[in-house]
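Colleague: Pick the part of this model where the strands come together and take me through it closely. After that, put it in context with the surface and the charged side chains.

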Amino acid sequence: MDEKQIGAKVAQQTPTGELMRQLNATAQGLSTEEARQRLERFGANEITEKTTRPIIQFLGYLWGPIPWMIEAAAILSLVVHHWVDLGIIVTLLLFNAGVGFWQAYQAGNAVAALKKQLALKSRVLRDGTWQPLNARELVPGDIIRLRAGDIIPADAKLIDGDYLSVDQSALTGESLPAAKEKDDGVYSGSIAKQGEMIALVTTTGAQTYFGRTARLVEGAGQASHFQKAVLQIGDYLIYLSLGLVAVLVIVQLFRGSSFTELLQFALILTVASIPVAMPAVLSVTMAVGAVVLSKMKAIVSRLESVEEMAGMDILCSDKTGTLTQNRLTLGEPQIFDGGDANRLILTAALASKAENNDSIDSAVIDALDDPGALDGFKSLAFKPFDPVGKRTEATVSDKNGRRFKVTKGAPQVIMDLAGLDRQTRKKADTVVDGLARKGQRTLGVARTQGEDGPWQFMGILPLFDPPREDSAETIAKAQEHGIQVKMVTGDNLAIAREIAGKLGLGRNIQNADRLLSEDRSSDDDLAARTEAADGFAQVFPEHKFRIVKALQDKGHIVGMTGDGVNDAPALKQADVGIAVSGATDAARAAADLVLTAPGLSVLVSAVEEARRIFERMNSYAVYRITETIRIMIFVVLAMVVFNFYPITAIMIILLAFLNDIPIMTIAYDHTGLEPGPVAWDMHRIIAVSSVMGLTGVAGSFLMLYIALNLLHLGIPQVQTYIFLKMAVSGHLTLFVARSKGFFLKKPYPAPVMIWSALATKVIGTLLAAYGFGLITPIHWSEIALIWGYSIVWAFLTDWTKTMVYRHFNLRGQRHEQFLETVHHPLTPHSTHGGVHP
């Protein structure tokens, strides 16, 4: 029969004999030759990664609407022999492509980190003898030996041995190790904690449960809102410039202008209108913010995630180790015949063994008020926990040499052992059921008075994984910032609801498997029910991925925190994947933000800083569109109306140079903090920019009227006049655009922004005054007029901007009032204050 890989669930349901027959496996293991053939057929036991040649990846960043227009500008520069323009445009094009390529290269390490999680060595039965082997050489049908401390190298079925305790927390999120017996399945990437068993390998490499998780990571991810916003702004400016160029070309052709002159002017308009530096400016703004975040113990691995974090309105947080301490702790002891709590805990500790590194034993021993209390006792015999007996037992002697036995384990087993009467049994069952409803596990504790005396039921010890000290406060702060927190855990519903209640999350916790697997009328229905839930229990990696996707389908910007391999797919799919302190390499590589300090408290500070960074980018977008409208529409209309170039090609290049330095300093600007999530509102950005830009166009025409009709300047002087007006007004527009209110109010601009603007204004003024062989100089009196006029017009522009923002704010308030009325309609009631009928 042909060998094949068999999934873990199918393998667990198939009898061992039949499974070995299907895999052509024998009790003596595979032969070396048979293993070699299967290795060629199934491939190495590792996760393979799809790769694209770096040169192809880089060229991909030279393809798209904005690169096309920049490339067109470069071609126009080449045609008209403008070599300086050509050099500047090509340099910027390659720089932007290089930044995008490097970011993608750095973010592509998630699968590589997952590969490192595979076990390096395994003990394999080959040719009838046990031998160490590289885990990557395992094939379906191999017989392997699993011991405490081993990382399980492949999906397998346990076929011989007593029991194996397996830590699956990195895969399933379960806080307690899972007890495995013969015929149970174990997953690649989980860790054997106790015991020793023989297993039959059923699935290797990418087909394992672990490998499917890696494929989810590889397939996850989506275009960022930052990239979408840049494209939208770029498209708007491109369409605007193309329309203006078309108008100008038609007019000039009718006037008999030469084709070369039209090409030259088309170049000027193209360079002026296309946001060549926009991706670089916004990337620098985010990079500077990322440095600030790193000082807050939050390391950004993908720049665009800074902007996504500012707009995050839902945070899906893993429970175990993120909201909780991932450390079992004793609750309030329930005493029956144990004297007092200390004696009950001491008895349970005597039935524990610290060197076993068992999480329950550690929790009991850590709960002792005096760890030295154990020194007065000697353990003579110890029976470890096994899944059949479901209890530990120890024979102990005290300092006087008196012997007795102690035991702890499943409450029902201990109750049966002690032979409780009906009334006491009913009381104990009530206690166990009550604690279970709170999501707490329980241990029964008993002892004998002599070595062979009857068992005495002493009481019940609750066990739970307590919340982190800062979790509730962090969640409350996140909610104040407009972020809804949803808990995601592999634990059961009772535990999830109890922890959610303690943290103030709400108790609408859904069973993820039932929510995502049941028949549903539409994906919209699934998304709506996912959106309404406060959290999700009994979650597997596929569930986490789909939860994030469903919330994104409802228009939410989703953050996901996690620390294990199981979180990696959702971390990469989420708009903001957040790896918490102590996360696995796989989670860190898939995440956008890596927290290096314990807990989530730093996350709120990171969100606040991200919103400030977003405000800087928003200010730049408003400024860039305003400037494009202000310059292009004025230049085209002036050319159409007056039939001369109001500004020369060299002046366009000089303006770009003088504007670039202050624009780059916007990354350090001081900004206000929005109370809720922020997002790119293109309608508002374009409306504000258009009004400001058109106000600037009106100001430029009035200035042109003064130069031509009142000052009677020649064309060369008029061009310098307009150049200086554009330079001074442009920098003032930057300060106007950076705020939504009066631009002289707090928060004031950063000093570096002010000084860079002043320095470049001085350079522009000196150019206008002396020319330096580049432009025609004008008198200082005319320069003073331009400065005074530009300052006055800046106040007028600021007033129009404020009016537009006020209009949008009022409209937003009316919309919120309407929604409030819809969701909370007025109920008819008695005018005398009586009750409703």
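Modeller: Let me fix the vocabulary first: a helix is a DSSP run of H or I with at least four residues, a strand is a run of E with at least two, and both are numbered from the N terminus. On that basis the protein has 31 helices and 22 strands. Keep in mind that this is a predicted model, so local features need pLDDT of at least 70 and side-chain atom pairs count only at pLDDT 80 or more, while totals for chains, interfaces and linings use all residues. Residues are numbered from 1 along each chain as its sequence is written, and side-chain values use heavy atoms, with hydrogens and water left out.

Now the part you asked for. Eight strands form an open sheet, in the order E8-E22-E21-E20-E9-E17-E19-E18, and the pairing is mixed; two strands pair if DSSP finds at least two bridges between them. Strand E8 (298-300) and strand E18 (509-511) are the edges, each pairing on one side only. From one strand to the next, the twist averages 20°. For angles, axes are lines fitted to C-alpha atoms (for helices, over the stretch in contact), and values run from 0 to 180 degrees between N-to-C directions.

Zooming in on one pair, E17 (residues 484-488) and E19 (residues 535-537) run parallel and are joined by 2 bridges. Val-488 has Phe-536 in E19 as its bridge partner. Helices pack here as well, with contact meaning heavy atoms within 4.5 Å. Helix H13 (residues 304-311) packs on the sheet and touches E8, E21 (576-579) and E22 (593-595), its direction making about 100° with that of E21. Helix H20 (residues 493-503) lies across E17, E18 and E19, and runs at about 165° to E18.

Stepping back to the whole chain, 72% of the contacts with a separation of 6 or more are between residues 24 or more positions apart. Of the 837 residues, 53% are buried (under 20% relative accessible area; exposed is over 50%, partly exposed in between, with a 1.4 Å probe and protein chains only). The accessible surface is about 36900 Å², 58% of it from carbon and sulfur atoms; areas use the Shrake-Rupley method with a 1.4 Å probe, and for residues only the protein chains shown count as cover.

One nonpolar patch of about 700 Å² is made by Ile-650, Val-762, Leu-766, Tyr-770, Phe-772, Leu-774 and Trp-780. Patch residues have over 30% relative accessible area and no salt bridge, with like charges joined within 9 Å and nonpolar side chains (Val, Leu, Ile, Met, Phe, Trp, Tyr) within 5 Å. Helix H30 (residues 751-770) gives the most to this patch, with 3 residues. Phe-772 sits in the loop between H30 and H31 (780-823), and is exposed at 54% relative accessible area.

As for charges, a salt bridge is a Lys or Arg side-chain nitrogen within 4 Å of an Asp or Glu carboxyl oxygen, and the count is 24. One of them links Glu-393 to Arg-391, closest N and O atoms 2.8 Å apart; Glu-393 is buried at 8%. Another joins Asp-429 and Arg-425 at 3.7 Å, both in helix H18 (residues 422-437) and 4 residues apart, about one turn of the helix. Asp-429 is partly exposed at 26%, and Arg-425 is partly exposed at 23%. Finally, Glu-33, Arg-36 and Glu-40 are linked in a salt-bridge network.
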